[in-house]
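Reader: Hey, can you walk me through the pockets and the ligand in this one? I'd like to start with what the words mean.

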Amino acid sequence: MSSESPARAWACVNLEAIAHNLDIARQALPDTELMPVVKAGAYGHGLEPVARRLDNHGISFFGVANVGEARRLLRAGVRTTPFILGPTFPAEREEIVQNNWCCTVSSVEEAEHFQSLAALQNKEFALHVAVDTGMGREGFLPEQLGSVAALLKNMPNLRIEGVMSHFPSADEDVPFTQDEIGLFGDCVGTLQQHFDLRYRHIAASAGELGYEVPVANLARPGLLLYGVAPMASIYDGVLRTTLSLHARVTLVRELPAGHGVSYGRTHVTNRPTRVATIGIGYADGWNRQISNKGARVYINGHYCPMLGRVTMDQIMADVTDLPEVKSGDEVELFGEHIPVTEVAEKAGTIVWEIFTGLGPRLPRVY
Ligand SMILES: *Cc1c(COP(=O)(O)O)cnc(C)c1O
C-alpha cells in the first residue's frame, strides 16, 4: 500500500488459503491430476502471485484464458505449462508452438496450421482435441470425431495427447450432466482407438465436486481454489476465504429526516441519520447492481446498511447506531464477515463475476 496516504480501497489476498483449497481439491479426487485455473488474473487475486505460490505444488498445467496470460506466466518464471483454455488466433500459434504451451483444436484447419508450424520448427507439438458435449462454445461435435481422428493421424508433427470438454450445467442440471459424462466417455473411446490420450478432462469446480467421471484423469478447478464451492455445500467451512475487499470511511455526516442519499435519490432518510461516506465504488468492482438490494457493510465489528446507489468511487452507509465511526476507519465489503456469495446474490450475479470484476485500481495486498 502507498505510504503517503491510506488507500481508499484494497483487496487482501491470502495465498496460503488458495494453496489450502488446492489441497482440498486434491483430497476430493485423489487419483486425478489438477490444472488450477488462473485465468482472468487468477479470478482477480493476481495472476503472478497465485501462480508462483501454486507452481511446484504437484500440478499438471495452469489454465489460462489466452496467450497474453501464458506470456505473463513465462515472464514470472513459472515452470508449470500454461494451458490456453480458449481458441487461439492464427497469429498467436507460432509463439505457442515455440514455447510448447498447451492448447486445444476445434477444427481440422487449426490442426493443419499447428502441423505446418511444428514442421517448420522441426518438432513434435502436443495438442488436446476439444469436443463439444453440450457447451456449444468450442470443440468438434462427437459424431465428427471418427473422421477427424483419421485426418489428425496424418499430421506427423502433432501428438494428440489429450481430450477436453466442458460441462455447461454441472451445477444446474444433474440428469443432463450424467448423460453428458456417458457421451464424453464415448468420445474418449473413439479417440483412444487412434491416440494415446495422456490427459482426459471435462470437469471444472462443480463437476469435480459433484460427479464421478470414470474416464477422466485431469480436473480444472477454478472457483473452488478461491474458496467457493458451487453446489457442494459439504465443502462450506472446509474451504478457506481467499480474498477480502476493504475500504475506508472518508467522511461522516449527520443528515436530517427526509434527505436523499446518492444519485436518483432512491433512498430518502426516514429519521435523522448519521451517514458514512466510504471510498469504494463501481470503478473498483463494487457492482452497481447491488444498489438498494439490502446490502450491508462491516465497520468496527458491526453490520451497517448501505444506502442508495453505488457511485463510481464512493458509497454511503448508515452508521447512526455507531457513534464512534470516524474518517479513516476500515470497512469490510466482503471477506470473513460477509460472504462473497451474499454479495453476488444481492447483485443478481455469480461469484465469478464479483471476483473478476475487481478493478485494476484496487491494490492487492498479500
Ligand atoms: C473457467 C474454466 C474453468 C474453471 O471453472 P470454475 O467453475 O471456476 O471451476 C474450467 N474449465 C474451463 C474450460 C474454463 O473456461
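Author: Sure. A pocket here is an open set of points on a 1 Å grid, with protein on both sides within 12 Å along at least five of seven lines. Keep in mind that this is a predicted model.

Reader: Ok, so how much space lies in the largest pocket?

Author: About 650 Å³.

Reader: And which residues lie nearest its centre?

Author: The lining of the largest pocket has 31 residues, and Lys39, His166, Phe167, Ala204 and Trp352 are the ones nearest the centre. Helix 2 (39–43), helix 9 (205–210) and helix 11 (351–356) are the elements that each give two or more residues to that lining.

Reader: What's the split by class in that lining?

Author: The largest pocket is lined by 17 nonpolar, 7 polar and 7 charged residues.

Reader: Now the ligand. Where does it go?

Author: The ligand takes up the space of the largest pocket. Around the ligand there are 14 residues, and Lys39, Tyr43, Ser205, Gly222 and Leu223 are the closest.

Reader: How does that shell divide by class?

Author: Into 8 nonpolar, 3 polar and 3 charged residues.

Reader: I'm setting up restraints. Which side chains have a polar atom by a ligand oxygen, and at what distance?

Author: Tyr43 has a polar side-chain atom 2.6 Å from an oxygen of the ligand. For Trp352, a polar side-chain atom is 2.8 Å from a ligand oxygen. With Arg137, an N or O atom in the side chain lies 3.2 Å from an oxygen of the ligand.

Reader: And how much of the ligand's accessible area does the protein cover?

Author: On its own the ligand has 390 Å² of accessible area, and the protein covers 92% of that.

Reader: Switching topic: how many cavities of 30 Å³ or more does the structure hold?

Author: The structure holds 1 cavity of that kind, and the space in the largest cavity is about 30 Å³.

Reader: What lines the largest cavity?

Author: Its lining is made up of Trp286, Ile290, Ala295, Arg296, Leu333, Ile338, Glu342, Val343 and Lys346. Helix 10 (residues 340–346) gives the most to that lining, with 3 residues. By class, the lining of the largest cavity has 6 nonpolar and 3 charged residues, with no polar ones.

Reader: Last thing, backbone. Which residues have a positive phi although they aren't glycine?

Author: Arg265 is one of them, with a phi of about 50 degrees. Arg265 sits in the loop between strand 11 (260–261) and strand 12 (267–268). Asn292 also has a positive phi, about 55 degrees, and its place is the loop between strand 13 (273–278) and strand 14 (296–299).

Reader: Why flag those?

Author: Because most residues other than glycine have a negative phi.

Conventions:
Residues numbered from 1 in each chain as written. Predicted model: local features only at pLDDT ≥ 70, side-chain atom pairs only at ≥ 80, totals over all residues. Heavy atoms only, no water. Near = heavy atom within 4 Å. Polar contact = N/O pair within 3.5 Å; in protein donor to acceptor, adjacent residues only side chain to side chain. Areas by Shrake-Rupley, 256 points an atom, 1.4 Å probe, with all protein chains shown as cover. 1 Å grid on protein atoms, 1.4 Å probe; cavity = no way out; pocket = protein on both sides within 12 Å on 5 of 7 lines; lining within 4 Å. Sits in = over half its atoms within 2 Å of the grid points. Nonpolar A, V, L, I, M, F, W, Y, C, P; charged D, E, K, R; others polar. Points joined across faces, edges and corners; volume = space filled by probe spheres on them. Helix = DSSP H or I, 4+ residues; strand = E, 2+ residues; numbered from the N terminus.
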